[in-house]
Each structure stands twice: as structure tokens, then as C-alpha cells.
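Please find below a note prepared for a reader who is new to protein structures. It should be read with the sequence and the model at hand.

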Amino acid sequence: MALTKVRGLGLGTLDDNITFSTAGKGVHLGVTSATSSNLLDDYEEGTWTAQITDGSTDVDLTTSAVYTKIGNLVTVSLDKYNVDISSLSSSSDLSIKTLPFSSNATSHGNKIIHITGTSSGSNIPVLLYPDNTSTSVALYKAVSSSQNMATLKPSDLASQVSVRLTLTYFTDS
């Protein structure tokens, strides 16, 4: 790696990637002195095994479930079409489980995320609430014009559904 200027006036340039000799190091961004709030020291990409559950039976949602974690912010996404959910108990509350990192639902900005789900042939808005310190998100639906929410149950859905999800949440991991 060639570094043309490390200290002094002007810009330093690199012609290769930066690799640290030990784990736990990072890069301070946007500052001229080291501050912990500007330290980027955690980046990860990967796949995850998504499942929809009624609390006792799990149905696999994994086709292309991926995540990106930058610091304490995690973004997950998945696309799964023609999922047979007929094995789920029709009266149980639904959730999506096995997120790659536990949620810190006490942080701001991650209480409600909108997705669209299929309910007996028509689309309904489905809201996700990350469970605090858990790797699950609870699923809710809007209740008519009352602007209230109710837990989403398999009986609200057709026996085959398609799930397209993008969710961003905070973690302490």
C-alpha cells in the first residue's frame, strides 16, 4: 500500500485497501481528532435464515435473505414467493424470527416499518415491531378505518403468500 502523505497539510491518497493488523480498529470519519462517536469500527455483510412463525411452527422464508450491519444499524431484506403457511395455527400471532442481530427497540427510529403482505388475494399494509433484545419482529395489521392495530394471524392471510421485506433496525451487538 502506498500512502503519499500521512501528516501535514494536504490530502493523503491510497492506492490500495486499508487493512489493520488487529481486530477492533476503525476509521475516524469527518473529524480531525479521534472521537468515539465518529469511529467506524464495525461493518459486516452476510446472509440470514428468515422464518415466519406462529410461536410453535416455523416456515422457512429464505431464498435470498441478506443483511448489512454498519456500526449499530442493521438492514435486512428478503424476497420469498409462494410460501405455504397452511401449517401455521390460524389463531396464533405471527412474527418473523431469526434476525441476524438482536434489536435494540428502545432506540429511536425503529418502531414501525411498513411492508405489503397478501391477505386473501388483496394487499394489506403489514407493520413490523422489533421485539426489544430479541431477534424477532412482531407482525401487525391495520384495523379498518379506526387507525388501530391488531396482531397479524395466519387466518388473515391466504394459505400461500409472498413476502418482500426490507427492515432497518438498531442493535447493541
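The numbered points below treat the basis of the note, a sheet, salt bridges and some individual residues.

1. Basis of the note. This is a predicted model, in which local features need pLDDT of at least 70 and side-chain atom pairs count only at pLDDT 80 or more, while totals for chains, interfaces and linings use all residues. Residues are numbered from 1 along each chain as its sequence is written, and side-chain values use heavy atoms, with hydrogens and water left out.

2. The sheet. Helices (H or I, at least four residues) and strands (E, at least two) are DSSP runs, numbered from the N terminus. Two strands are said to pair if DSSP finds at least two bridges between them. An open sheet is formed by 4 strands in the order β3-β6-β7-β13, with antiparallel pairing. At the edges stand β3 (43–47) and β13 (160–170); each has a single partner strand, so one side of each is left without a neighbour in the sheet. From one strand to the next, the twist averages 10°; here axes are lines fitted to C-alpha atoms, for helices over the stretch in contact, and angles run from 0 to 180 degrees between N-to-C directions. As general background, strands of a sheet pair through backbone hydrogen bonds, either parallel or antiparallel.

3. The pairing of β3 with β6. Strand β6 covers residues 66–70 and runs antiparallel to β3, to which it is joined by 5 bridges. Within this pairing, T47 has V66 as its bridge partner, and E44 stands opposite K69.

4. The pairing of β6 with β7. Strand β7 covers residues 73–84, and 5 bridges join β6 to this antiparallel strand. V66 of β6 stands opposite S77 in β7. The two strands β6 and β7 form a hairpin with 2 residues between them, and G71 in the turn has a positive phi of about 65°.

5. The faces of β6. Which side chains of β6 are buried, and which are not? Y67 and K69 point to one face and are buried, whereas V66, T68 and I70 point to the other face and are not. Buried means under 20% relative accessible area, exposed means over 50%, and partly exposed lies in between (1.4 Å probe, protein chains only). In a regular strand, side chains alternate between the two faces of the sheet.

6. Salt bridges. A salt bridge is a side-chain nitrogen of Lys or Arg within 4 Å of a carboxyl oxygen of Asp or Glu. By this rule the count comes to 5 salt bridges. One of them joins D58 and K97, with the closest N and O atoms 2.9 Å apart. D58 lies in strand β5 (residues 58–60) and K97 in strand β8 (residues 95–97), so this pair ties together parts that are 39 residues apart in sequence. D58 is partly exposed, at 34% relative accessible area, and K97 is partly exposed at 23%.

7. Salt bridges involving loops. D93 and K153 meet through their side chains in a salt bridge (2.4 Å, N to O). D93 lies in the loop between β7 and β8, and K153 in the loop between β12 (148–151) and β13, so the pair ties together parts that are 60 residues apart in sequence. The relative accessible area of D93 is 41%, which is partly exposed, and K153 is also partly exposed, at 23%. A further salt bridge links the side chains of D156 and K141 (2.8 Å, N to O). D156 lies in the loop between β12 and β13 and K141 in strand β11 (residues 137–143), so this pair ties together parts that are 15 residues apart in sequence. D156 is buried, with a relative accessible area of 15%.

8. Q160 and N82. Q160 belongs to strand β13 and is partly exposed, at 42% relative accessibility. N82 belongs to strand β7 and is exposed, with a relative accessible area of 56%. Although 78 residues apart along the chain, Q160 and N82 have C-alpha atoms separated by 5.4 Å. Leaving aside neighbours within four places in sequence, Q160 is in contact (heavy atoms within 4.5 Å) with N82, V83 and D84.

9. Backbone angles. Where does T98 lie? T98 is found in the loop between β8 and β9 (113–119). The phi of T98 is positive, about 70°, although T98 is not a glycine. N82, likewise a residue other than glycine, has a positive phi near 55°. Most residues other than glycine have a negative phi.
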